[in-house]
Amino acid sequence: MQWRSIVVGLLVLRVALSCVLWLAFGLGPSWGFNFPIKFSFNLHKIELLKNGDMATSRTNAWSQNVYDNRDHQEKTCSKISENIPKKSYLSFFKTSRDEYDRKYSSFSDALKIKMRGMAKDMFYFGYDNYMKYAFPEDELNPIDCEGRGPDVLNPSNININDVLGNYSLTLIDTLDTLLVLGNVSEFHRAVRLVIDTVSFDKDSTVQVFEANIRILGSLISAHILLTDPRHPFGDVGLEGYDDELLRLAHDLAVRLLPAFENTSTGIPYPRVNLKSGVPPDSINETCTAGAGSLLVEFGILSRLIGDSTFEWVARRAVRALWSLRSNETGLLGNVVNIQTGQWVGKQSGLGAGMDSFYEYLLKSYILFGEKEDYRMFIAAYKSIQSHLRRGREACNEGEGDPPLYVNVNMFNGQIMNTWIDSLQAFFPGLQVLIGDVENAICLHAFYYAIWRRFGALPERYNWQLQAPDVHFYPLRPELVESTYLLYQATKNPFYLHVGMHILQSIEKDTKVKCGYATLHHVVDKSKEDRMESFFLSETCKYLYLLFDEDNPLHKSGSRYIFTTEGHIVPIDLRLTWVCETGPRWLRAYVHHLMVLRKCYNPCERIPEERRFALPLKSAYMRQIDHMVGLS
Ligand code: DMJ
């Protein structure tokens, strides 16, 4: 019997020690929600505490691992980072443990209303000035109060000409935001203006991807919202409307089709001239996101007009890209030759050049219910988790660096550089859609820490140097998009604080005479005279929705997704068979999605003890702050 007493004694000792560690340092098991309470006595953790530096963890530390693979440039980086005083793990707890909890644990209704009003004013300041000074041109120059069209003097200025096609881009891109704001009369006026004034018969060479997501996507979305009384905004039909927006969308899509001709792989050319097709001097290289993010819009168009051509070419492009993934890692690169199928850019990441490829695998599946899209997405997600994700295993427990998704070589998974870009900030929103909320919480927290440090997201942030690599911020929506989706999933007031912070930074640092201007430099806050159309179509839309709990989109029964440009597409039985006839697991998944979208009572999903707690433990938030140079 003696051995039993010893075993029981040891167990009691272990539990007691775990409790002491937990109570003293907050390092123990996470409480409730997704993680069962586990009492773990982790010798490795004790080592870290003794050594006083969590970056020494070999298994979970990306800040450490990177030194193993680095060349001269990284050696320079390591020198610089050596100068940054490393804080002891224990020192994270020297400040008041409840500082973050106190700051983020509530958000009053009055403040919500105020922020909603601020988001609305922000939108109208940009929109009204665009209509006053810029329409029918594509964009507003918010500093000079003038319109901007394609750069005809410099055709190689793709930064401008890829997007601006001389087709009133900002007006078109903004249509459904007017409905989100409840302004049906202005929505009708804007639709009329588009019908009466927009033509795609233009000598403009634009990027197929940009024309698709900003123009085609918006036209289709507005058409569906106008014609289907079951959509979230109800019956907003326009008298005399005769499918003109759909016809415009069709006309544009036909003009984009030449991009899919004369390509040996089926992967489209990156640009077309709207009048004359693919330019004779076109390059044979395209990025994965550009070629592989056409399926949502092309698929909807095909299904609405009953012509499968568009979906067929877009799907062929996705399949072709997918077939070129690495056998070893399952990853794709970021730039490919459309004739040879060779990868020109071998970098695999979640940001520029790749972001919406992943997004559209999942969203195509949600819309159309095609199993192959789901299979591709799940396989891609697994490869991402295995090869791109670094840091500790669980977001909210254990030791090691915070989880981060790095850029790797698609063939061997070796880290390629030490930056992440601002586009990747969309990824937590996608993780919310698949129900991986814990990973979403952590990645979002990292990006929010960068925002707190600079009051914006630099286009590229070097996590090794703890400094921006590329300094501009063109009013992008990705962080607020993820913030909104995380709020919908968790109802945690923390995300309202994040939204308020973003709103206030944009108001303070980018507002100029006639709108909001691109930040040229996130540190000195110098500006460029440009307001991209996605500022009104996405950034303002997500900010407003975040604070507008009663928006029709959040009402029970609303079923919709956002395209990558933030356009609302109701999940519609005309487009998918999933809800009715799909297999059980698929229906269960879609049901999960619906629950997420229905603004359900959070009490049903989030246990009491977790509901008013921070989504990420304060200790981990402080750790991230430290790692981006905030403390
Ligand atoms: C938008 O045009 C879209 O979200 C696109 O997918 C990439 N990002 C820009 C805004 O940053």
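What follows is a short chat about the disulfides, salt bridges and one helix of a predicted model.

Colleague: Before we start, what sort of model is this, and how are residues numbered?

Modeller: This is a predicted model, in which local features need pLDDT of at least 70 and side-chain atom pairs count only at pLDDT 80 or more, while totals for chains, interfaces and linings use all residues. Residues are numbered from 1 along each chain as its sequence is written, and side-chain values use heavy atoms, with hydrogens and water left out.

Colleague: OK, how many disulfides does a search of the whole structure find?

Modeller: The search finds two, taking a disulfide as a pair of cysteine sulfur atoms within 2.5 Å. With bonded cysteines counted along the chain, the pattern is 1-4, 2-3.

Colleague: Which cysteine does C145 pair with?

Modeller: C145 is joined to C514, with an S to S distance of 2.0 Å, and the link is right-handed, with 85° about the S-S bond. C145 lies in the loop between strand 1 (139-141) and strand 2 (146-148) and C514 in the loop between strand 15 (511-512) and strand 16 (515-516), so the disulfide ties together parts that are 369 residues apart in sequence. Helices (H or I, at least four residues) and strands (E, at least two) are DSSP runs, numbered from the N terminus.

Colleague: Are C145 and C514 buried or exposed?

Modeller: C145 counts as buried at 11% relative accessibility, and C514 is buried at 2%. Here buried means under 20% relative accessible area, exposed over 50%, and partly exposed in between, computed with a 1.4 Å probe on protein chains only.

Colleague: And what about C395 and C442?

Modeller: Their sulfur atoms are 2.3 Å apart in a disulfide, and the torsion about the S-S bond is about 90°, so this disulfide is right-handed. The pair links distant parts of the chain, 47 residues apart, with C395 in the loop between strand 9 (389-390) and strand 10 (404-405) and C442 in helix 18 (residues 437-454). Both C395 and C442 are buried.

Colleague: Switching topic, how many salt bridges are there?

Modeller: The structure holds 28, where a salt bridge is a side-chain nitrogen of Lys or Arg within 4 Å of a carboxyl oxygen of Asp or Glu. One of them joins D548 to R116, with the closest N and O atoms 3.1 Å apart. D548 lies in the loop between helix 21 (534-547) and strand 19 (560-562) and R116 in helix 6 (residues 109-134), so this salt bridge ties together parts that are 432 residues apart in sequence.

Colleague: How accessible are D548 and R116?

Modeller: D548 counts as buried, at 7% relative accessibility, whereas R116 is partly exposed, with a relative accessible area of 27%.

Colleague: Which residue meets E372 in a salt bridge?

Modeller: E372 meets R315 at 3.1 Å, N to O. E372 lies in helix 16 (residues 371-388) and R315 in helix 14 (residues 309-323), so the pair ties together parts that are 57 residues apart in sequence. E372 is partly exposed at 22% relative accessibility, while R315 is buried at 8%.

Colleague: Last one, what covers the buried residues of helix 11?

Modeller: The covering elements include helix 9 (184-197), helix 10 (208-227), strand 4 (271-273), helix 13 (295-305) and helix 14. Among the buried residues of helix 11 are E244, L248, L252 and R255.

Definitions and conventions. Contact means heavy atoms within 4.5 Å.
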